[in-house]
Amino acid sequence: MSSGARSHTVPAADRVAMSLPRLEEMKRNGEPIVMVTAYDYPSATVAEAAGVDLVLVGDSAANVVLGYERTDLVSMDEMIMLGKAVRRGLKTPLMVGDMPMGSYEASNELAVQSAQRMIKETGCQVVKLEAGGLSVERARAIVRAGVPVMGHVGLTPQTATALGGYKAQGRTAKAAIQLCEDALALQAVGCFAIVFEAVPAEVTEAIVARLDVPSIGIGAGPSTSGQVLVFHDLLGLTTGHMAKFVKRYADIHEQMVAAVEQYGDEVRSRHFPEPDHVYSVEPTELDEFRRYLDQESLASQKAWDWEPLP
Ligand code: KIV
């Protein structure tokens, strides 16, 4: 927090577990909703300590954690492994499991099975799936099976190739109409919230004004009920090209490199470990051990004298 600014973060002791009714209430009251991604135990504990409302185990893990070039390459098994680690670090935020490409498109049965697997195996409370169109039907099936669904419209990275690349969506009237219809359809089939990614602020504003459910924006301007950023992007852990909508709140990658470099220097110059980093032993115990090492019989003992194990 910049000096002098008042913190809006609820103190840890006063936090209650996030729920869907509470999210609706926040939207109704105009209280901004804070969502961040997390992919492992440490990032989850950071999100928890920072008092965010929602934590998304995003398939952006593919890029920022697993080093894949595209999010469509991450598997359900990988998402489950990451989700389990996140669960162990969270108490109060609502945990959202992102359904990876290939886990829901083929049929409603597959979508329900995958959503239930995500919930049961990771302990997340809700799932998110991308796009409108076919996904609306899948979202309906999952909601009917009792699993709350978050929709995601605009730039949907799993299908970025089909969308013409990683670029803003809804920039023509025709595309904005489609985006609006997708969002309304996702709401109509029971999605409890909808993510808007890389959509012009005015287009988002016009659509969210027609939505009853909370909207979460990433590169969609200030009118959504909440915002989401990728953990590694906002902390400056990601290197290289950054989307226009990313704001960096720290430069952790540089700090990490500097720290590991300093460690390396200190090992090489024998400045680490220092006395504070070593264990002690009682002098009498050490003397006895040394007497044992000095014994004549031990001094003449050769490693190859030992009998091999049968
Ligand atoms: O996977 C992800 O991180 C996401 C957010 C960008 C919404 O889907």
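This is a tour of selected sites in a predicted model, given as a series of selections to make in the viewer.

**Stop 1: helix H1**

Select residues 20–29, which make up helix H1. Within that helix, show the side chains of Arg 22 and Glu 25, which sit three residues apart, about one turn of the helix. The two side chains meet in a salt bridge, with an N to O distance of 2.5 Å. Is this pair cut off from solvent or open to it? Glu 25 has a relative accessible area of 32% and is partly exposed, because values between 20% and 50% fall in that class. Arg 22, at 24%, is partly exposed as well.

**Stop 2: helices H2 and H4**

Keep the view in cartoon form and select residues 41–50 for helix H2, then residues 76–89 for helix H4. The axes of H2 and H4 come within 7 Å and cross at roughly 40 degrees. H2 and H4 are therefore oblique to each other. The handedness of the crossing, as H2 passes H4, is right-handed.

**Stop 3: Arg 117 and its two partners**

Leave H4 displayed and add helix H5, residues 108–122. Select Arg 117 in H5 and Asp 77 in H4. Their side chains form a salt bridge at 2.7 Å, N to O. This pair links distant parts of the chain, since 40 residues separate Arg 117 from Asp 77.

Now add Glu 121 to the selection. Which residue does Glu 121 pair with in a salt bridge? The partner is Arg 117, and the closest N and O atoms are 2.9 Å apart. Glu 121 and Arg 117 both belong to helix H5 and are four residues apart, about one turn of the helix. Arg 117 is partly exposed, with 28% relative accessibility. Glu 121 is also partly exposed, at 34%.

For a second group of linked charges, go back to H1 and add Glu 31 to the selection: salt bridges with shared partners join Arg 22, Glu 25 and Glu 31 into one network. Over the whole structure, a search finds eight salt bridges.

**Stop 4: helices H5 and H6**

Return to H5 and add helix H6, residues 134–144. Two packed helices are described by the angle between their axes and the distance between the axes. For H5 and H6 the angle is about 55 degrees, and the axes are 9 Å apart. H5 and H6 are therefore oblique to each other. Their crossing is right-handed.

**Stop 5: two alanines with positive phi**

Select Ala 131, in the loop between strand E4 (126–128) and helix H6. Its phi is near 80 degrees, a positive value in a residue other than glycine.

Move on to Ala 198, in the loop between strand E6 (193–197) and helix H8 (201–208). Ala 198 is not a glycine either, yet its phi is positive, at about 50 degrees. Is Ala 198 buried or exposed? With a relative accessible area of 7%, Ala 198 is buried, because the class covers values under 20%.

**Stop 6: Gly 219**

Select Gly 219, in the loop between strand E7 (215–218) and strand E8 (226–229). At 26% relative accessibility, this glycine counts as partly exposed. Add Leu 229 and draw a distance between the two C-alpha atoms: the value is 9.0 Å, for residues 10 apart in sequence.

**Stop 7: a nonpolar surface patch and a cis bond**

Switch on the surface and select Val 260, Tyr 263, Val 267 and Phe 272. These four residues form a nonpolar patch on the surface, with about 370 Å² of accessible area together. One of them, Val 267, lies in helix H10, residues 252–268. Why can Val 267 take part in a patch? Val 267 has a relative accessible area of 37% and is partly exposed, and patch residues must have over 30%.

Finally, hide the surface and select Phe 272 with Pro 273. A cis peptide bond joins Phe 272 and Pro 273, with omega about 5 degrees. Pro 273 is located in the loop between H10 and helix H11 (283–294). The tour ends here.

Technical notes:
Residues numbered from 1 in each chain as written. Predicted model: local features only at pLDDT ≥ 70, side-chain atom pairs only at ≥ 80, totals over all residues. Heavy atoms only, no water. Patch = residues over 30% accessible without salt bridge, like charges linked within 9 Å, V, L, I, M, F, W, Y side chains within 5 Å. Areas by Shrake-Rupley, 256 points an atom, 1.4 Å probe, with all protein chains shown as cover. Buried < 20%, exposed > 50% of the residue type's maximum accessible area, 1.4 Å probe, protein only. Axes fitted to C-alpha atoms, helices over the stretch in contact; angles between N-to-C directions. Parallel < 35°, antiparallel > 145°, perpendicular 65-115°, else oblique. Left-handed = near helix turned anticlockwise from the far one by under 90°.
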